[in-house]
Amino acid sequence: MSASSSTVQPSLQKAHGQCLCGKVKIQAGAVVSQAGVCHCQYCQKWGGGPLFTLDAGTEVKLDGACFVSTFSSSDWAERGFCNNCGTHLFYRLKQNGQYFIPVGLLDQLTNLVLDHQIFIEQKPDWYCFANQTTELTGAEVFAAFSTT
């Protein structure tokens with residue numbers, strides 16, 4: 001869920017990675033270099049903490065599709081995971097098929113910048129990131145997506 005600041009120009013790079021067991025391989029044709037963090041209650045429940053993602057657009061190929069399961073976590077998005085090892089593979093918007101891939105899943109990315117945090121009002125008070133980022137509330141995120 002990209003909410004990039006205007007001070008840093010995003011760059012795009014091809015990326016690849018795989019789940020823990022290697023049964024699902026992922027290739028993304030254009031990953032944005034600006035990482036985001038989601039603090040929403042769903043991401044916290046899904047991964048035990050915030051979700052760090054990169055916007056991978058719609059050019060994503062998954063090899064090993066028979067090992068990919070999805071969960072419709074809201075009216076607007078679904079989450080994908082490897083049904084063999086449980087690795088979180090993606091958060092995908094239903095409306096346009098846009099993928100957000102967990103940063104740690106992708107190999108050998110360079111020049112990444114933690115750029116934005118969303119659902120900031122749901123962030124627990126027990127941690128804080130030192131990076132200067134754009135911070136959006138859930139309402140601001142929904143407003144931004146409804147205008148596009």
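User: Two strands pair if DSSP finds at least two bridges between them. In this predicted model, over how many bridges do S8 and S9 pair?

Analyst: The model is a predicted one, and in it Tyr91 has Phe100 in S9 as its bridge partner. Since a pairing needs at least two bridges, the antiparallel contact between S8 and S9 qualifies, and the number of bridges over which they pair is two.

User: Which glycine in the hairpin of S8 and S9 takes a positive phi?

Analyst: In this hairpin, five residues lie between the strands, and the strands themselves pair in the antiparallel sense. The residue that takes a positive phi, near 75 degrees, is Gly97.

User: Which residue of S8 stands opposite Phe81?

Analyst: S7, which covers residues 77–82, pairs with S8 in the antiparallel sense over five bridges. The two strands form a hairpin with five residues between them, and Gly86 in its turn has a positive phi of about 90 degrees. Phe81 is also the bridge partner of Ser69, while in S8 the residue opposite Phe81 is His88.

User: Which strands lie at the edges of the open sheet?

Analyst: The sheet has eight strands with mixed pairing, in the order S6-S7-S8-S9-S4-S3-S11-S12, and its twist averages 30 degrees from one strand to the next. At one end of this order, S6 pairs with S7 in the antiparallel sense over five bridges. An edge strand here pairs on one side only, and the two that do so are S6 (68–72) and S12 (134–136).

User: Is S8 largely enclosed by the rest of the structure or largely open, and how many of its six residues are buried?

Analyst: Buried means under 20% relative accessible area, and Arg92, at 17%, meets that limit; Arg92 lies in S8, which covers residues 88–93. S8 is also among the elements that give two or more residues to the largest nonpolar core. The strand is largely enclosed by the rest of the structure because the number of its six residues that are buried is five.

User: Which residue forms a salt bridge with Glu78, and how far apart in sequence are the parts that the pair ties together?

Analyst: Side chains of opposite charge can pair when their charged atoms come close. Glu78 meets Arg92 in a salt bridge with an N to O distance of 2.3 Å, and Glu78, like Arg92, has 17% relative accessibility, so both count as buried. Because Glu78 lies in S7 and Arg92 in S8, the pair ties together parts whose separation in sequence is 14 residues.

User: A search of the whole structure finds two salt bridges; which residue forms one with Asp63?

Analyst: Asp63 is partly exposed, with a relative accessible area of 29%, and its partner is likewise partly exposed, at 44%. The closest N and O atoms of this pair are 3.6 Å apart, within the 4 Å that a salt bridge allows. The partner of Asp63 is Lys61.

User: Which strand gives the most residues to the largest nonpolar core?

Analyst: The core has 21 residues, and those touching the most other members are Val31, Ala56, Val60, Leu89, Ile101 and Leu106. Ala56, for instance, touches Ala28, Ala30, Val31, Tyr99 and Ile101, leaving aside residues up to four places away in sequence. The elements giving two or more residues are S2 (25–32), S3 (34–38), S4 (51–57), S8 and S9 (99–102). With three residues, the strand that gives the most is S2.

Technical notes
Residues are numbered from 1 along each chain as its sequence is written. This is a predicted model: local features need pLDDT of at least 70, side-chain atom pairs count only at pLDDT 80 or more; totals for chains, interfaces and linings use all residues. Side-chain values use heavy atoms; hydrogens and water are left out. Helices (H or I, at least four residues) and strands (E, at least two) are DSSP runs, numbered from the N terminus. Axes are lines fitted to C-alpha atoms, for helices over the stretch in contact, and angles run from 0 to 180 degrees between N-to-C directions. A salt bridge is a side-chain nitrogen of Lys or Arg within 4 Å of a carboxyl oxygen of Asp or Glu. Buried means under 20% relative accessible area, exposed over 50%, partly exposed in between (1.4 Å probe, protein chains only). A nonpolar core is a set of buried Ala, Val, Leu, Ile, Met, Phe, Trp, Tyr and Cys residues joined through side-chain atoms within 4.5 Å. Contact means heavy atoms within 4.5 Å.
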